[in-house]
Amino acid sequence: MTIPDTFNAADYFIDRHLREARGSKVAIECGDERVTYAELAERVSRAGSALRARLDVRIEERVVLLMPDGPAFLYAFFGAIKVGAVPVPVNTLWTSADVEYVLNDSRARVAVVGEGLLHLLAGISPERRPRLRHIVVAGGEARAAEGQVGFDALLADGEPSFDAEPTSKDDAAFWLYSSGSTGAPKGCVHLQHDMRVCTELYARNVLGMSEADRCFSVARLFFAYGLGNGGYCPLGVGATTILWPGAPTAANVFAVIERHRPTLFFSVPTNYGMLLAQHRDEGPDFDLSSIRQGVSAGEALPPVLFERFRQRFGVEILDGIGSTEVLHIFISNRAGRVRPGSSGLLVEGYEVRIVDDEGRPVPCGEVGNLLIKGDSTCAFYWNQHEKTKATIEGHWIRTGDKYHQDEDGYFWYAGRSDDMLKVGGIWVSPVEVENILLEHPAVKECAVAGHPDHDRLVKPAAYVVLRPGVEGSPELAIELQQWVRSRLAEYKRPRWVRFLSELPKTATGKTQRFKLRQHPPDPAH
Ligand code: 3UK
């Protein structure tokens with residue numbers, strides 16, 4: 001794969017299809033809506049040119065996207081890239097405080113916000129987000145009096161076609177925030193060529209994704225995983241992506257599959273567990289016969305989920321590990337050669353090393369730190385020079401994962417080298433949850449650690465030492481859960497609370513979270 005020095009990802013992923021006579025092919029299905037490649041190209045042009053002409057967005061400037069999955073997300077994302085600006089998709093499950101952090105860290109002057117997510121911005125007074133000048137509202141009514149601009153009005157104003165900004169293949173194209181272990185997310189700066197690399201190495205070579213495919217991703221476009229599955233991978237190969245903005249309940253996901261009949265289905269282990277727990281009241285089972293391959297990532301897929309899904313639906317799930325820093329999957333199982341419980345084989349085009357804490361390669365079969373080299377890795381973390389140096393060592397990127405490789409080349413996940421938790425495929429920092437619990441008047445000390453649920457998937461458990469005179473009770477446990485829930489994103493809440501008289505500590509007083517993993521939380525809570 002040779003990528004020319006002048007390379008604009010929007011030209012490649014969008015406009016190229018017109019040159020290759022794919023204009024009438026359906027690029028996006030969303031409910032009853034069908035968007036052809038020609039329509040997509042026109043709306044991407046309109047979005048980009050209007051951002052530039054009407055809102056004065058310039059090359060390299062960030063544009064925050066706080067949007068549900070749907071065609072407008074892709075118009076805004078590729079529209080910004082087409083004019084050389086840098087879209088920054090944001091997790092829509094986050095709180096106002098998280099969004100405020102990203103607005104200020106990225107210094108975006110423009111944010112495109114889904115109507116249903118405006119409340120997240122409403123909580124941030126203009127003085128607390130001094131760089132943000134324009135709020136573009138996608139769907140619904142924009143309030144001109146409050147300085148809002150409607151996304152549809154913007155599209156109507158824009159140019160239906162123009163030549164993409166001649167960016168270099170190494171210009172910043174987009175950022176994705178990845179949660180840090182102390183709470184503050186880090187902006188991974190991805191370059192124009194990165195999406196192209198993932199499309200070739202993973203989508204085309206591992207999944208055999210082609211124009212004939214119809215992709216449906218339960219993981220959202222604002223995640224690196226979803227952005228590839230439902231965004232640039234299908235668009236890169238001229239396939240159709242099925243977008244759907246609703247909540248990923250089992251009933252909804254089955255309804256989308258039966259209606260739109262995807263050939264490739266992408267989800268996370270927690271969601272596969274939810275699908276398996278769902279049964280139809282009467283009649284035949286859910287029809288997943290259109291799916292030629294399932295994919296799982298975000299956290300390790302327990303073998304029982306793999307087996308049950310194959311037995312019940314006849315769909316083989318390929319577990320693979322990816323990261324926001326590498327952009328997409330770099331180790332993956334292959335069709336017909338799955339080893340359940342493993343992450344599979346290296347994706348060709350990437351290089352891997354498993355090393356001990358001194359950086360020496362460990363012998364085959366021994367657990368060590370996983371390092372990856374490849375052309376899709378992010379350039380650096382925005383404004384976080386020390387964290388960049390700790391993660392990116394020349395060509396190599398530290399994933400923070402412990403792995404071993406077996407004699408046949410398969411990689412087996414063996415936990416994290418930090419205390420970060422993957423909950424339903426999304427990062428949760430124990431420190432962030434602990435800090436909130438500590439603000440509760442009853443809490444003297446606490447620690448948060450992962451505990452397996454009924455599907456053997458990790459969820460946060462809180463271990464709490466109460467202040468003298470306070471008694472632990474089921475009511476207090478519920479109160480503490482509510483306390484976290486009202487202050488942090490929903491998925492971060494502890495699913496169990498256990499009261500302890502003291503926490504395990506090192507000689508220097510540092511809490512040993514790994515020791516708590518052996519304590520079962522009280523099942524009653
Ligand atoms: C963990 C896994 C075991 C692992 C992602 C696919 O998850 C993605 O990106 P994130 O930045 O998290 C990365 C970390 O998540 N992980 C992901 N997949 C697996 N652990 N087995 C797996 N299959 O700790 C990794 O370092 O949120 C996944 C594609 C793109 C992505 N960004």
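How many Å separate the centres of domain 1 and domain 3, taken over C-alpha atoms? In this predicted model, the separation between the two centres is 36 Å. The contact between these two domains draws on 11 residues from domain 1 and 10 residues from domain 3. To place them along the chain, domain 1 covers 9-191 and domain 3 covers 421-517, while domain 2 takes up 194-416.

The interface itself comes next. The size of an interface is often given as the accessible area lost when the parts come together. For domain 1 and domain 3, about 670 Å² is buried between them, and carbon and sulfur atoms account for 53% of it. On the domain 1 side, the residues losing the most area to domain 3 are L93, T95 and S179, which together make up 43% of what that side buries. As for specific interactions, zero salt bridges are counted between domain 1 and domain 3, and one residue pair is found in polar contact across their interface. The side of domain 1 that touches domain 3 consists of eight polar residues, two nonpolar and one charged.

We can now turn to the protein's nonpolar cores. In soluble globular proteins, nonpolar side chains tend to be buried together. Here, the largest nonpolar core holds 166 residues, and the members touching the most others are L40, F78, F151 and M195. Beyond its neighbours within four places in sequence, F78 is in contact with A9, A10, F13, I14, V44, M195, Y232 and L235. There is also a second, separate core of nine residues, among them Y463, W496, L503 and L516.

Key: Residues numbered from 1 in each chain as written. Predicted model: local features only at pLDDT ≥ 70, side-chain atom pairs only at ≥ 80, totals over all residues. Heavy atoms only, no water. Domains from an automatic or database assignment. Contact = heavy atoms within 4.5 Å. Buried area = accessible area lost by both parts, 1.4 Å probe. Salt bridge = Lys/Arg side-chain N within 4 Å of Asp/Glu carboxyl O. Polar contact = N/O pair within 3.5 Å; in protein donor to acceptor, adjacent residues only side chain to side chain. Nonpolar A, V, L, I, M, F, W, Y, C, P; charged D, E, K, R; others polar. Core = buried A, V, L, I, M, F, W, Y, C linked by side-chain atoms within 4.5 Å. Buried < 20%, exposed > 50% of the residue type's maximum accessible area, 1.4 Å probe, protein only.
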